[in-house]
Amino acid sequence: MSYVVRFTPEAEADLIRLYDFILVRDQGDGVLADRALDAIRHGVEHLSRSPFNCRKAYPGNNPHLRELIIAFGASGYVALFEIEPAEIVTVLAVRHQREDDFY
């Protein structure tokens, strides 16, 4: 089974924010910022094949709300997503692992 992966406007804004953060932190290092976005894109590709393999999001009892851990450097990113009917996965938010939680 294949899933269609889409991003909410908030998740797209998260990607821009994360990219800009790297540019500011690393004095305009566009290569590193591009590598970070590539890591996120590669991780999210996994959701089109097997989103149920990712851990359930906490708190809550919604089995369709999950988190994808995306490795990058010494830490990485976390994508919060929801598995919807009709084989759709919606990425709701993306955070750096050292940021505050989604909740």
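**Exercise 1. Determine whether Ser75 is buried or exposed, and describe its surroundings.**

Step 1. Ser75 has a relative accessible area of 16% and is therefore buried; buried means under 20% relative accessible area, exposed over 50%, and partly exposed in between, with a 1.4 Å probe and protein chains only.

Step 2. Ser75 is found in strand E4. Helices (H or I, at least four residues) and strands (E, at least two) are DSSP runs, numbered from the N terminus.

Step 3. Apart from neighbours within four places in sequence, Ser75 is in contact with Ile70, His96, Gln97 and Arg98, where contact means heavy atoms within 4.5 Å.

The model is predicted: local features need pLDDT of at least 70, side-chain atom pairs count only at pLDDT 80 or more, and totals for chains, interfaces and linings use all residues. Residues are numbered from 1 along each chain as its sequence is written, and side-chain values use heavy atoms, with hydrogens and water left out.

**Exercise 2. State which order the strands take in the sheet, and which strands stand at its edges.**

Step 1. The chain has two helices and five strands, arranged from the N terminus as β-α-α-β-β-β-β.

Step 2. The five strands form an open sheet in the order E1-E5-E4-E3-E2, with mixed pairing. Two strands pair if DSSP finds at least two bridges between them.

Step 3. The edges are occupied by strand E1 (4-7) and strand E2 (55-56); each has a single partner strand, so one side of each is left without a neighbour in the sheet.

Step 4. E1 pairs with E5 in the parallel sense over four bridges, and the bridge partner of Val4 in E5 is Ile88. At E2, two bridges make an antiparallel connection to E3, with Arg55 opposite Glu67 in E3.

**Exercise 3. Describe how E3 and E4 are joined, and how many residues of E3 are buried.**

Step 1. E3 and E4 are antiparallel and share eight bridges; Leu68 stands opposite Ala79 in E4.

Step 2. The two strands form a hairpin with two residues between them, and Gly73 in the turn has a positive phi of about 65°.

Step 3. Six of the eight residues of E3 are buried, which leaves this strand mostly covered.

**Exercise 4. Identify which residues touch the most other members of the largest nonpolar core, and which elements supply it.**

Step 1. A nonpolar core is a set of buried Ala, Val, Leu, Ile, Met, Phe, Trp, Tyr and Cys residues joined through side-chain atoms within 4.5 Å.

Step 2. The largest such core holds 24 residues, of which Ile40, Leu47, Leu68, Tyr77, Phe81, Val91 and Val94 touch the most other members.

Step 3. At least two residues of this core come from each of H1, helix H2 (30-45), strand E3 (65-72), strand E4 (75-84) and strand E5 (88-96). H2 gives the most, with seven residues.

Step 4. Setting aside neighbours within four places in sequence, the contacts of Phe81 include Leu47, Pro51, Cys54, Leu68 and Val91.

**Exercise 5. Compare Asp14 and Glu10 in helix H1: which is buried and which is exposed?**

Step 1. Asp14 belongs to helix H1 (residues 9-25), and Glu10 also lies in helix H1.

Step 2. Asp14 counts as buried because its relative accessibility is 9%, whereas Glu10, at 52%, counts as exposed.

Step 3. The side chain of Asp14 makes a polar contact with that of Arg95 at 2.9 Å. A polar contact is a pair of N or O atoms within 3.5 Å; within protein, one must be able to donate a hydrogen and the other to accept it, and residues adjacent in sequence count only if both atoms are side-chain atoms.

Step 4. Beyond neighbours within four places in sequence, Asp14 is in contact with Ala93, Val94 and Arg95.

**Exercise 6. Examine the loop between E4 and E5: which phi values do Ala86 and Glu87 have?**

Step 1. Ala86 lies in this loop, as does Glu87.

Step 2. Ala86 has a positive phi of about 65° although it is not a glycine. Glu87, likewise not a glycine, has a positive phi of about 55°.

Step 3. Ala86 counts as exposed at 60% relative accessibility, and Glu87 counts as partly exposed at 32%.
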